[in-house]
Amino acid sequence: MSHTVSVPQGLPLERDAGPFDPPREISRVRDARPVSPMLFPDGHEGWLVTGYDELRQLLADTRFSSRQDLGVLHVPYETPGMPVATEPSPQVPGLFIAMDPPDHSRLRRKLTGAFTVKRMKQLEDHIAEVVERQLDAMAQLTPTVDLVKEFALPVPSLVICELLGVPYEDRADFQANSAKFLVKEQELEEKMAAYGALTTYLGGLVAGKRAEPGDDILSDLARQDDLGIEELTGIAFLLLLAGHETTANMLALGTFALLEHPEQLAELRADPELMPGAVEELMRYLSVVDINFRYATEDLELGGETIPAGSTVVVSLLAANHDPRRFENPDTLDIHRNARGQLAFGHGVHQCLGQQLARIEMRAGFAALFRRFPTLKLAVPAEEVPLRTDMNIYGVHSLPVTWTTTAP
């Protein structure tokens, strides 16, 4: 086959074209063959999907299964301590992101009421208050400060803890274990230890809510007798992890990107009406959640290619969001762009449940940050900002920033 992607050293995932752009090799593959055969390190041939239209079609087709207990999952990068191909993982109760309908539908339906657009809009004022309180605390500090530690991580953590009914004072442990769980290259035992610590903690929490429910999402779920403790724990794990890690990284990396585009940042400060569109564009441009897997349950046609049953399919949301067939000058940040249809939240039945919450947090967070700190700037050269190339959710490990503290 022509244009076969050979990855003897693993899939090139590092953003070598800069902190915000897709890997050059992934972009080259997309432009040559958006649905491409891909050779895994163990010699197994699977597929890599990088084109926007092809990826939308794939994500909308549940015959491309999300289950991890089918076939063999061939990981696309070499991970010390982990075999290149693993045995099928058993289904984890409650982890509906790794399920197909009807199992997926049953669990997701129980949560749709908690994350409706209307309910999220009712939270807007409260989220704005959380943001302002955090910025009040940051303003008391002497710069230089780490924006991740003082703002980007606390805001979504506070919000998701309140929504779920997770005590915020427990954040140090669950944030540390979440971070450990998301490290790419680590021993399997370390990853499972972090996962075990999280699920043990959340299992005790949901058991307590079943005994004495409160006014929060996990209590609402605990009142439903057809959900077992293991399912409740899996749901809690997914919501807590996704609810703070993704938005935290978008707030930090988005701030980095805007500080590196001062003309657009100035426009955003001058016209707050631009913020909703800017958030969509930042989601598209940065795509902090990139690589996903699917498993072909039958022979399937995609982008003019036949994908045989049993194939492991790797998809790149970042590459699709930078597809020039869909977005003009895609590697350019443009806050005036109509980025509707961007795939950072996924597509189809697994599209992000908390996407409206994330949008509200980002709109409120960016708007207040740049209003309260008009002289905000990086405290180190851009090339010294530590990038999360070692993590399954991209972003920055820290973002040292400073500002002028004297009155104008």
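**Entry 1: helix α1.** I looked first at the face of α1 turned away from its buried side, and found the exposed residues Arg-24 and Asp-31 there. I then listed the buried residues of α1, which spans residues 24–32: Ile-26, Ser-27, Val-29 and Arg-30. They lie on the same side of α1, because the arc they cover around the axis is only 160°. I note that an arginine, Arg-30, is in the buried set.

**Entry 2: confidence.** This is a predicted model, and I checked its pLDDT. The chain average is 89, and 91% of the residues score at least 70. Residues 1–9 stay under 50, and the model has 25 contacts for them beyond four places in sequence. Residues 76–86 are also below 50, with 39 contacts in the model beyond near neighbours in sequence.

**Entry 3: nonpolar cores.** I looked up the largest nonpolar core and found 94 residues in it. Among the residues with the most contacts inside this core are Leu-111, Phe-115, Met-138 and Leu-369. Helix α11 (residues 229–259) gives the most to it, with 16 residues. A second, separate core has 18 residues, including Trp-47, Leu-58, Ala-296 and Leu-343.

I followed Met-138 further. Leaving out residues up to four places away in sequence, Met-138 touches Val-145, Leu-147, Glu-150, Phe-151, Leu-369, Phe-373 and Trp-403.

**Entry 4: helix α5 and the sheet.** Gln-134 is found in helix α5, residues 124–139. Is Gln-134 buried or exposed? I find it buried, because its relative accessible area is 14% and the limit for buried is under 20%. Beyond four places in sequence, Gln-134 is in contact with Glu-150, Phe-151, Pro-154, Val-155 and Leu-158. Glu-150 and Phe-151 are also on the contact list of Met-138.

Val-145, another contact of Met-138, took me to the sheet. Val-145 has Val-401 in β13 as its bridge partner. Strands β7 and β13 (residues 400–402) run antiparallel and are joined by 2 bridges. The sheet is open, with 3 strands in the order β7-β13-β12 and antiparallel pairing. Its edge strands are β7 (145–146) and β12 (377–378), each pairing on one side only.

**Entry 5: salt bridges.** My search of the whole structure gives 20 salt bridges. I took three of them in turn.

Glu-54 and Arg-325 meet through their side chains at 2.7 Å, N to O. Glu-54 is in helix α2 (residues 52–59) and Arg-325 in the loop between α14 (317–321) and α15 (355–372), 271 residues apart. Glu-54 counts as buried, at 10% relative accessibility.

Arg-372 and Glu-132 form a salt bridge at 2.6 Å, N to O. Arg-372 lies in helix α15 and Glu-132 in helix α5, so the pair ties together parts 240 residues apart in sequence. Arg-372 is partly exposed at 26%, and Glu-132 is partly exposed at 23%.

Glu-281 and Arg-284 form a salt bridge at 2.8 Å, N to O. They are separated by about one helical turn, because they are 3 residues apart in helix α13, residues 275–286. Both residues are buried. I also recorded one network of salt bridges that share partners, joining Glu-132, Asp-136, Arg-371 and Arg-372.

**Entry 6: Ile-97.** Ile-97 sits in the loop between β6 (85–86) and α3 (103–112). Its relative accessible area is 45%, so I class Ile-97 as partly exposed. Not counting residues up to four places away in sequence, Ile-97 touches Ser-66, Leu-238 and His-350. I also read a C-alpha separation of 9.4 Å between Ile-97 and Gln-351, which are 254 residues apart along the chain.

Key:
Residues are numbered from 1 along each chain as its sequence is written. This is a predicted model: local features need pLDDT of at least 70, side-chain atom pairs count only at pLDDT 80 or more; totals for chains, interfaces and linings use all residues. Side-chain values use heavy atoms; hydrogens and water are left out. Helices (H or I, at least four residues) and strands (E, at least two) are DSSP runs, numbered from the N terminus. Buried means under 20% relative accessible area, exposed over 50%, partly exposed in between (1.4 Å probe, protein chains only). Contact means heavy atoms within 4.5 Å. Two strands pair if DSSP finds at least two bridges between them. pLDDT is the predictor's confidence in each residue, from 0 to 100. The arc is that of the directions from the helix axis to the C-beta atoms. A nonpolar core is a set of buried Ala, Val, Leu, Ile, Met, Phe, Trp, Tyr and Cys residues joined through side-chain atoms within 4.5 Å. A salt bridge is a side-chain nitrogen of Lys or Arg within 4 Å of a carboxyl oxygen of Asp or Glu.
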